[in-house]
Amino acid sequence: MEKDKAVDSRAAMDGEIGILARRKIEAGIIAPIYEVMRERLGEEVAQSILDTAITRAAIAAGKSFAAKTPGGTTLRTFQELQDLWTQDDALVIDVTKATDEEFHYNVKRCRYAETYKEMGLGHIGHLLSCNRDGVFCTGYDPRITLERTQTVMEGASHCDFKYRFDEKAKPAAE
């Protein structure tokens, strides 16, 4: 029975490409648009617009994955989604805690950061990827929160992800 439940909870990933491949495609589309915004509006406004748009998209993506998760969302079903983010060796991670209430891991290698730098987009990589992490989980299940103090994208030796599930928090509206 447990095996069947795991298979069912992975239904949210059916038909999805790996996130690294998705981010590379998106960045190729976003880059020229961002450059025009930067030229016309300045760096600060262009980054603000990009941040707002990507935040909205991340919340919507989280909601979409939640809607495709049979039986409802939990921190365990959220953990299973990580396969999409690590696919194609996109992240080398060291999981330090994985329970029903907490999911902690460190990212030792981040091909997202490497890809954005190769594309000449390292200066906005945090907007294209990192800023999505906390708001994606909010869209997926508002009972899940992220605490992270550093990222490889912004020059740290590793990213420190600490997701927490608060059963008492308000779940997503059905």
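Here are some notes on this predicted model, point by point.

1. Confidence first. The protein chain has a mean pLDDT of 90, and 89% of its residues reach 70 or more. The stretch to treat separately is residues 1-7, where the pLDDT is below 50. Beyond near neighbours in sequence, residues 1-7 have 1 contact in the model.

2. On to the hairpin. Strand E1 covers residues 91-98 and strand E2 covers residues 102-110. The two run antiparallel and are paired over 7 bridges, with 3 residues between them in the hairpin. If you want a register check, look at Asp94: its bridge partner in E2 is Asn106.

3. Helix H7, residues 132-140, is worth a look down its axis. Its buried residues are Arg132, Asp133, Phe136, Cys137, Gly139 and Tyr140. These fall within an arc of 155 degrees, so they line one face of the helix. What does that buried set pack against? The partners are helices H2 (19-41), H3 (43-67), H4 (75-86) and H6 (125-130), plus strands E3 (144-147) and E4 (159-165).

4. Salt bridges: the count comes to 12. One of them sits within helix H2, where the side chains of Glu26 and Arg23 meet at 3.0 Å, N to O. Glu26 and Arg23 are 3 residues apart in H2, which means about one helical turn separates them. How do the two ends compare for burial, buried or partly exposed? Arg23 is buried, with a relative accessible area of 8%, while Glu26 is partly exposed at 24%.

5. Another salt bridge joins Glu102 to Arg164, at 3.7 Å from N to O. Here the pair links distant parts of the chain, with Glu102 in strand E2 and Arg164 in strand E4, 62 residues apart. Glu102 is buried at 18% relative accessible area; under 20% is what counts as buried. Arg164, at 31%, counts as partly exposed.

6. Stay with Arg164 for a moment. Arg164 also forms a salt bridge with Glu147, the closest N and O atoms being 3.4 Å apart. Glu147 lies in strand E3 and Arg164 in strand E4, so this pair ties together parts that are 17 residues apart in sequence. Glu147 is partly exposed, with a relative accessible area of 38%. Through shared partners, salt bridges join Lys97, Glu102, Glu147 and Arg164 into one network. I'd look at those four side chains together rather than pair by pair.

7. Last, the cysteines. How many disulfides are there? The count comes to 0. Cys130 is in no disulfide, and the nearest cysteine sulfur to it, that of Cys159, is 6.0 Å away. Why does Cys159 not bond with Cys110? The Cys110 sulfur is the closest cysteine sulfur to that of Cys159, but at 5.6 Å it is too far for a bond; the cut-off for a disulfide is 2.5 Å between sulfur atoms. As for burial, Cys130 is buried with a relative accessible area of 9%, and Cys159 is buried too, at 5%.

Technical notes. Residues are numbered from 1 along each chain as its sequence is written. This is a predicted model: local features need pLDDT of at least 70, side-chain atom pairs count only at pLDDT 80 or more; totals for chains, interfaces and linings use all residues. Side-chain values use heavy atoms; hydrogens and water are left out. Two strands pair if DSSP finds at least two bridges between them. Helices (H or I, at least four residues) and strands (E, at least two) are DSSP runs, numbered from the N terminus. Buried means under 20% relative accessible area, exposed over 50%, partly exposed in between (1.4 Å probe, protein chains only). The arc is that of the directions from the helix axis to the C-beta atoms. Contact means heavy atoms within 4.5 Å. pLDDT is the predictor's confidence in each residue, from 0 to 100. A salt bridge is a side-chain nitrogen of Lys or Arg within 4 Å of a carboxyl oxygen of Asp or Glu.
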